[in-house]
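User: Please take a close look at one part of this model and describe it in detail. I should like to see how that part relates to the rest of the chain.

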Amino acid sequence: MSTTDDFIKKYKLLDKLCKEMYMSDKGVTSYIDDMKSVPFADSKIIDGWRDDLYKLIELRGKRNKWAHDDDVVNFSRSDCTWIEDFHKRVLKGKDPLALLRKHQKMSNKVKSVNAPKKTKKRKKSRLKSFLWRIALIAGMVLIVYCLLKK
């Protein structure tokens, strides 16, 4: 199998996976758009984010040129290896977007563990409010009863 055929086969696998993930017909483009939409500060958290983004853009461009232009496009063995490795990382949840989601999830857990517990105070204040209302109503009933008894 030629390097070009091998690359296209592996690219199609990644594209199909991305189409399924995003429920979209754009595939790799959806993944790239998702990466581009992440704020720079968040993308810096993940090692290799920028390299992966630029490599995806480069390889998508080469693939599009191969598919739509009459120019000869040369895919290298390293292109094939990289696209296959990236596909595996997506499957294992070790791709940049998955790693960012995991990091954000862990950050939210840490924040929620360290956050003061407000639910107990709310429950106590609700109970207190409810008891005051009951007492107020009972008092009003007692006053009305006394007035009617006279």
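Analyst: In this predicted model, helix H1 agrees with its expected length: its 20 residues, at 1.5 Å a residue, should span 28 Å, and the end C-alpha atoms are 28 Å apart. The helix covers residues 3–22.

Several positions along H1 are buried. They are Asp6, Phe7, Ile8, Lys10, Tyr11, Leu14, Asp15, Leu17 and Cys18. The list thus includes Asp6, Lys10 and Asp15 alongside Phe7, Ile8, Leu14 and Leu17. Among the elements that cover these buried residues are H2, helix H4 (49–68) and helix H5 (77–92).

Just after H1, the backbone at Met23 takes a positive phi of about 50°, although Met23 is not a glycine. This residue belongs to the loop that links H1 to helix H2 (28–36). Is Met23 buried or exposed? Met23 counts as exposed because its relative accessibility is 77%, and the cut-off for that class is over 50%.

The setting of H1 is a chain with 7 helices and 0 strands, which reads α-α-α-α-α-α-α along the sequence. Of the 150 residues in the protein chain, 28% are buried. Where contacting residues lie at least 6 apart in sequence, 61% of the contacts join residues at least 24 apart. The chain exposes about 11,300 Å², and carbon and sulfur atoms supply 59% of that area.

Conventions:
Residues numbered from 1 in each chain as written. Predicted model: local features only at pLDDT ≥ 70, side-chain atom pairs only at ≥ 80, totals over all residues. Heavy atoms only, no water. Helix = DSSP H or I, 4+ residues; strand = E, 2+ residues; numbered from the N terminus. Buried < 20%, exposed > 50% of the residue type's maximum accessible area, 1.4 Å probe, protein only. Contact = heavy atoms within 4.5 Å. Areas by Shrake-Rupley, 256 points an atom, 1.4 Å probe, with all protein chains shown as cover. Expected span 1.5 Å × (residues − 1).
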